[in-house]
Amino acid sequence: MRLARRDSYPLSWEDVDRNAPYLYDTRQIPDDWARHIDDVEARAVPVPDVLVALLDQVEQELDRLAGDAPLAALRAISRLEHVIAEAGDAAAYGSEADARSGTLIGPGLGLPEHEGRRRLLRYSLRR
């Protein structure tokens with residue numbers, strides 16, 4: 001998803017002090033970016049809180065395990081890859097059915113439409 005043209009920030013280097021470019025006023029850019037991200041997030045399909053919490057916990061455990069027992073971490077990651085392949089294939093298949101009924105895939109994933117399609121294809125072909 002791209003920022004609309006009105007949200008572009010043309011820069012005239014004649015207006016920028018070459019010895020102090022950090023003094024150029026860019027205060028509006030982070031606010032515009034935050035609004036853009038909020039808009040993308042608002043259109044994306046929410047992930048259930050319980051799953052977000054579980055995924056955060058898995059990430060923390062894998063980080064810990066990678067430091068303590070790297071081979072065990074790799075075995076766990078391998079198992080996750082298998083889970084992702086199975087669930088991703090099923091989810092991509094269901095999403096394709098949704099797309100045929102008019103649901104836009106990209107915005108639901110928080111991505112531009114072509115990137116959403118690419119993601120579906122990646123999960124469909126992962127086996």
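Reader: In which helix do E115 and R118 both lie?

Author: In this predicted model, the side chains of E115 and R118 meet in a salt bridge, with 3.2 Å from N to O. The two residues are 3 residues apart, about one turn of the helix, and E115 is partly exposed, with a relative accessible area of 27%. The helix in which both E115 and R118 lie is α5.

Reader: Which helix holds both R35 and D32, and is D32 buried or exposed?

Author: The side chains of R35 and D32 meet in a salt bridge, at 2.1 Å from N to O. Both residues lie in helix α1, where they are 3 residues apart, or about one turn of the helix. Because its relative accessible area is 7%, and the limit for a buried residue is under 20%, D32 is buried.

Reader: Why are D68 and R64 separated by about one helical turn?

Author: The side chains of D68 and R64 meet in a salt bridge, with a distance of 3.2 Å from N to O. They are separated by about one helical turn because, within helix α2, the residues are 4 residues apart.

Reader: Is D68 buried or exposed, and what is its relative accessible area?

Author: R64, with which D68 forms a salt bridge, is partly exposed, with a relative accessible area of 43%. For D68 the cut-off to pass is 50%, since a residue counts as exposed over that value. D68 is therefore exposed, and its relative accessible area is 57%.

Reader: Which residues are linked with R64 in a network of salt bridges?

Author: Side chains of opposite charge can pair when their charged atoms come close. Counted by the rule of a nitrogen to oxygen distance within 4 Å, the salt bridges come to 7. In the network that contains R64, the linked partners are E61 and D68.

Reader: Over the ring of which residue does the charged end of R122 sit?

Author: A search of the whole structure finds 0 aromatic pairs, but a ring can also be described together with a charge. The charged end of R122 sits 5.1 Å from the centre of a ring, and the cut-off for this kind of contact is within 6 Å. The ring belongs to Y123.

Reader: Which residues lie nearest the centre of the largest pocket?

Author: The largest pocket has a volume of about 1,000 Å³, and its lining is made up of 28 residues. These divide into 21 nonpolar, 4 polar and 3 charged residues. Those that lie nearest the centre of the pocket are V47, L51, A91, L109 and Y123.

Reader: Which helix gives the most to the lining of the largest pocket?

Author: Each of the helices α2 (49-68), α3 (70-100), α4 (105-109) and α5 (113-124) supplies at least two residues of the lining. One of these helices gives 9 residues, which is the most. That helix is α3.

Reader: How far apart in space are Y93 and R126, C-alpha to C-alpha?

Author: Y93 is found in helix α3, and it counts as exposed because its relative accessibility is 64%. In sequence, Y93 and R126 are 33 residues apart. In space, C-alpha to C-alpha, the distance between Y93 and R126 is 12 Å.

Reader: What distance separates the C-alpha atoms of A73 and E14?

Author: A73 has its place in helix α3, and at 3% relative accessibility it counts as buried. Along the chain, A73 and E14 are 59 residues apart. The distance that separates their C-alpha atoms is 53 Å.

Reader: What distance separates the C-alpha atoms of D15 and R35?

Author: D15 has its place in the segment before α1 (28-43), and with 57% relative accessibility it counts as exposed. Along the chain, D15 and R35 are 20 residues apart. Their C-alpha atoms are separated by 27 Å.

Key: Residues numbered from 1 in each chain as written. Predicted model: local features only at pLDDT ≥ 70, side-chain atom pairs only at ≥ 80, totals over all residues. Heavy atoms only, no water. 1 Å grid on protein atoms, 1.4 Å probe; cavity = no way out; pocket = protein on both sides within 12 Å on 5 of 7 lines; lining within 4 Å. Points joined across faces, edges and corners; volume = space filled by probe spheres on them. Nonpolar A, V, L, I, M, F, W, Y, C, P; charged D, E, K, R; others polar. Phe/Tyr/Trp six-rings, centres within 6.5 Å; stacked < 30°, edge-to-face > 60°. Lys NZ or Arg CZ within 6 Å of the ring centre and 35° of its normal. Buried < 20%, exposed > 50% of the residue type's maximum accessible area, 1.4 Å probe, protein only.
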